[in-house]
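Dear colleague,

I am handing over the structure we spoke about, and below it you will find a walk through what was found in it. Please keep the model open beside this email while you read.

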Amino acid sequence: MSKLFEPTSVGNIPVANRIAMAPLTRNRSPGAVPNDLNVEYYRQRATAGLIISEGTAITHQAQGYADVPGLYKPAAIEGWKKVTDAVHAAGGKIVTQIWHVGRISHTSLQPDGGAPVAPSAIAAKSKTYVLNTDGSGAFVETSEPRALETGELAGIIEDYRKAARAAVEGGFDGVEIHAANGYLLEQFMRSNSNQRSDEYGGSIENRIRLTLEVVEAVTKEIGADKTGIRISPTTPANDVSDTDPKAVYTALVEALATFDLAFVHVIEGATGGPRDILPFDWMALKAAYRNAGGKGAWIANNGYDRASAIEAVESGYADLVAFGRPFIANPDLVRRLKEDAPLNPLEPATLYGGGAEGYTTYPALA
């Protein structure tokens, strides 16, 4: 049997196999509170070695899409406790992705209809998901953001710390800090979205500062062995780009190596798209992390299938491989990969919003 299906550990989390379920926004938690439908969805997928939950907003300000869950209400923590209890009862492990969207939001989703926040007041050429007055969903242009004041950033870091504590109280085995896909932390790291002149802008050291300060706060609060991070060095998602991604992300992973994290989760290429959108040496990035002393599990993500996932783990390149959309349509994906069984087709029309259809209704193998 391939090592892909053998147990290992991710930080202090023992996992049954080396297949991770990637975070997947599904817009089915009205009021930012997980519900019974979410409980069943995650329970069905508990055979994943590690489930990384959908992006979960750390505050109301961090919210960027309608009906995504949060961690800033007592009811949300109670809702997540039902999810984590169900996953654990089914033998699974689950961490939550703690998330601040930054400028990828809309005034209708923000406290008091305010502007979304960002490193700089630069609008993203992107869209977000909101609810119409009749309850239906629609994708609309993101709103013009305002630049965060330097004095506000300590509060943002504190919000991440509180969210990490709330996640542990909600029964999660750990957290993944979302520093990918063009959201707030990556907006600070990328040169096109960060035009600041303070200690959080300009040089690479300054642009990665906020991410590292968040990592420091979270690891001190819940332990480095319960903390992971997600990065996406070459994705253009949500209108981010950089003049020298190799330099930025090499500096980042070398700094992350000092924290003894549970894992580093890397999106290789465009999120959910081409792996070769920009030339990038993924093996060199991992080597930079290891050479700097980083010991966390290396989770590879984007476009992997059964054969390439097996190869990645067998060769030692990846410690785990994350699958996204295949887990939507195949709650028993681990079994299907192990048996080389056919996969259910995805229903694109039911990806965002709605009810059980296309969420908990995909069949498992007989």
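**What was found**

Over residues 3–344 the chain is 32% helix and 18% strand, and the C-alpha atoms at the two ends of this stretch are 24 Å apart. According to the UniProt record, which is an unreviewed entry, residues 3–344 carry the feature "domain: NADH:flavin oxidoreductase/NADH oxidase N-terminal". Please bear in mind from the start that this is a predicted model.

Let us begin with the protein chain as a whole, in which there are eleven helices and 14 strands. A compact globule of 366 residues would have a radius of gyration near 21 Å, and because the protein chain has 19 Å, its value agrees with that expectation. Taken along the principal axes, the C-alpha atoms fill a box of roughly 55 × 55 × 35 Å. Of the 366 residues, 58% count as buried, and the accessible surface of the chain comes to about 13,500 Å², with 52% of it belonging to carbon and sulfur atoms. If you look at contacts between residues at least 6 apart in sequence, 73% of them join residues that are at least 24 apart.

Next, please turn to a group of strands that pair with one another. Strand 4 (residues 50–57) pairs with strand 5 in the parallel sense over five bridges, and within this pairing Ile52 stands opposite Val95 of strand 5. Strand 5 (residues 94–99) is in turn joined to strand 10 by three bridges, and these two also run parallel; here Thr96 stands opposite Val175 in strand 10. Strand 10 then pairs with strand 11, again in the parallel sense, over five bridges, and the bridge partner of Val175 in strand 11 is Thr227.

How many of the residues of strand 5 are buried? Six of its six residues are, and the strand is described as mostly covered. In a regular strand the side chains alternate between the two faces of the sheet. In strand 5 both faces are covered, with Ile94, Thr96 and Ile98 buried on one side and Val95, Gln97 and Trp99 buried on the other. Strand 10 (residues 175–179) is mostly covered as well, since five of its five residues are buried. On one side of strand 10 these are Val175, Ile177 and Ala179, and on the other they are Glu176 and His178, so that both faces are covered.

A hairpin is found elsewhere in the chain, where strand 7 (residues 127–131) and strand 8 (residues 137–141) pair in the antiparallel sense over five bridges. Tyr129 has Phe139 in strand 8 as its bridge partner. Five residues lie between the two strands of this hairpin, and Gly135, which is in the turn, has a positive phi of about 90°.

Finally, here are three single residues that you may wish to find in the model.

Leu285 has its place in helix 8 (residues 282–291). Is Leu285 buried or exposed? Its relative accessibility is 2%, and because buried means under 20%, Leu285 counts as buried. Leaving aside its neighbours within four places in sequence, Leu285 is in contact with Ile231, Pro233, Tyr249, Thr250, Val253, Val266, Phe280 and Trp298. One of these deserves a second look, for Val253 is 32 residues apart from Leu285 along the chain, while their C-alpha atoms are separated by 7.5 Å.

Thr234 is found in the loop between strand 11 (227–231) and helix 7 (245–256), and with a relative accessibility of 4% it counts as buried. A polar atom of its side chain lies 3.4 Å from the backbone nitrogen of Gly269. With neighbours within four places in sequence left aside, the contacts of Thr234 are Arg190, Gly269, Ile277, Leu278, Phe280 and Trp282.

Gln44 is found in helix 1 (residues 36–44). Its relative accessible area is 19%, and because the cut-off for buried is under 20%, Gln44 is still placed among the buried residues. Not counting residues up to four places away in sequence, Gln44 touches Pro331, Tyr359 and Thr360.

With best wishes

Key. Residues are numbered from 1 along each chain as its sequence is written. This is a predicted model: local features need pLDDT of at least 70, side-chain atom pairs count only at pLDDT 80 or more; totals for chains, interfaces and linings use all residues. Side-chain values use heavy atoms; hydrogens and water are left out. Helices (H or I, at least four residues) and strands (E, at least two) are DSSP runs, numbered from the N terminus. Buried means under 20% relative accessible area, exposed over 50%, partly exposed in between (1.4 Å probe, protein chains only). Contact means heavy atoms within 4.5 Å. A polar contact is a pair of N or O atoms within 3.5 Å; within protein, one must be able to donate a hydrogen and the other to accept it, and residues adjacent in sequence count only if both atoms are side-chain atoms. UniProt positions are given in the numbering used here, feature names are shortened, and annotations may be inferred rather than shown by experiment. Two strands pair if DSSP finds at least two bridges between them. The radius of gyration is taken over C-alpha atoms; the globule rule is 2.2 Å times the number of residues to the power 0.38. Accessible areas come from the Shrake-Rupley method with a 1.4 Å probe; for residues, only the protein chains shown count as cover.
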